[in-house]
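Work through the following exercises with the sequence and the model open beside you, and try each task before you read its solution.

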Amino acid sequence: MANSTILLDYWPSMFCMRARVALREKGVVFEAREEDLTNKSPLLLQSNPIHKKVPVLIHNGKPVCESLNVVQYVDEAWSDKNPFFPSDPYGKAQARFWADFVDKKFSDAQFKIWGKKGEEQAAGVKEFIEAVKILEAELGDKPYFGGDSFGYVDIALITFYSWFGAYEKFGNFSIEAESPKLIAWAKRCMEKESVSKSLPDQEKIVAYAAEFRKNNL
C-alpha cells in the first residue's frame, strides 16, 4: 500500500477515460478495475457512497470521486511532470470554466443524441453543435486548449471523441463538417500515447450505444 493506485473504471465511460488519460499523462502505474454497473462492487459502494458512480481513484487507500476532481487530484499528487494547468491564477480559472462548460453543456447534449429519440434527440443534436462551435471558437488557432501544451480542458473534452462515431451515426450529422478545427485538435490529441491508450475504438462505442438503444428505447 506504500504507493497503491487503483482506478474503479468502466470502459465506455468518457468520465473514466479522463482519469485514465490523466494518470498516463503523468506516467503513473495504476490498476484499472472494471466495474459492472448493474452489480456494483462493495469497494465502489464503500468508496463513493454518495453518488455510487465511477470513476473513483483510490490512492494509497483514500478514494477520490468525480472525474474532473480526479484529474485535478492527479495533477497535484504527481506535480513533478506535465502540469495540467497554467501557472497563473487567471489561466487556471479559465481552464476550470471551460471544463465546467464541457460537463454542463456538452455532456447533456451528447447523451440526448445517442440515448434518446425524436424531438429530444433533435434538440440534443442542435445543442451539441452549438456547444462544439463555442468550443471551437475558444480553441481558435491554438494547438491545444491550454495553448502549446496538452492540459486540463483537453483532458476534459478529448474523451468524448471516442463517442463521435456514435453521435454521427445516431444523430445523422457530420461533426467535421460543423467543426473542422475541433476534429483536427482531436486527431492531434490522439497522437499522444496517454490518449490513444485510454480511449476505446469508435466502432466499439457505436456497438455499445446501439445495444443501449435496442434495450432502452
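Two strands are said to pair if DSSP finds at least two bridges between them. Keep in mind throughout that the model is a predicted one.

**Exercise 1. Establish how strand β3 is joined to β1 and to β4, and find the partners of valine 56.**

Solution. Begin with strand β1, residues 5-9, which is joined to β3 by 4 bridges, the two strands running antiparallel. Within this pairing, leucine 8 has valine 56 of β3 as its bridge partner. Turn next to strand β4, residues 62-65, which also pairs with β3 in the antiparallel sense, again over 4 bridges. Here valine 56 stands opposite cysteine 65 of β4. Finally, look at the hairpin that β3 and β4 form, where 2 residues lie between the strands and asparagine 60 takes a positive phi near 50°.

**Exercise 2. Give the order of the strands in the sheet, and explain why β2 and β4 each have one side without a neighbour there.**

Solution. The sheet is open and has 4 strands, which follow the order β2-β1-β3-β4 with mixed pairing. Because β2 (31-34) and β4 stand at the edges and have a single partner strand each, one side of each is left without a neighbour in the sheet. From one strand to the next, the twist averages 20°.

**Exercise 3. Decide whether the residues on the two faces of β3 are buried or exposed.**

Solution. The cut-off needed here is that a residue counts as buried when its relative accessible area is under 20%. On one side of β3, which spans residues 56-59, Val56 and Ile58 are buried, and on the other side Leu57 and His59 are buried as well, so that both faces of the strand are covered.

**Exercise 4. Describe the largest pocket by its volume, its lining and the elements that contribute to that lining.**

Solution. Start with the volume, which is about 720 Å³. The pocket is lined by 25 residues, of which Ser13, Met14, Phe15, Lys53 and Val54 are the closest to its centre. Two or more lining residues come from each of α1 (14-25), α3 (67-77), α4 (89-115) and α11 (202-216), and α4 gives the most, with 6 residues. Sorted by class, the lining has 13 nonpolar, 6 polar and 6 charged residues. As a last step, consider the domains: domain 1 (5-78) and domain 2 (89-216) each supply at least three residues to the lining.

Methods:
Residues numbered from 1 in each chain as written. Predicted model: local features only at pLDDT ≥ 70, side-chain atom pairs only at ≥ 80, totals over all residues. Heavy atoms only, no water. 1 Å grid on protein atoms, 1.4 Å probe; cavity = no way out; pocket = protein on both sides within 12 Å on 5 of 7 lines; lining within 4 Å. Points joined across faces, edges and corners; volume = space filled by probe spheres on them. Nonpolar A, V, L, I, M, F, W, Y, C, P; charged D, E, K, R; others polar. Domains from an automatic or database assignment. Buried < 20%, exposed > 50% of the residue type's maximum accessible area, 1.4 Å probe, protein only. Axes fitted to C-alpha atoms, helices over the stretch in contact; angles between N-to-C directions.
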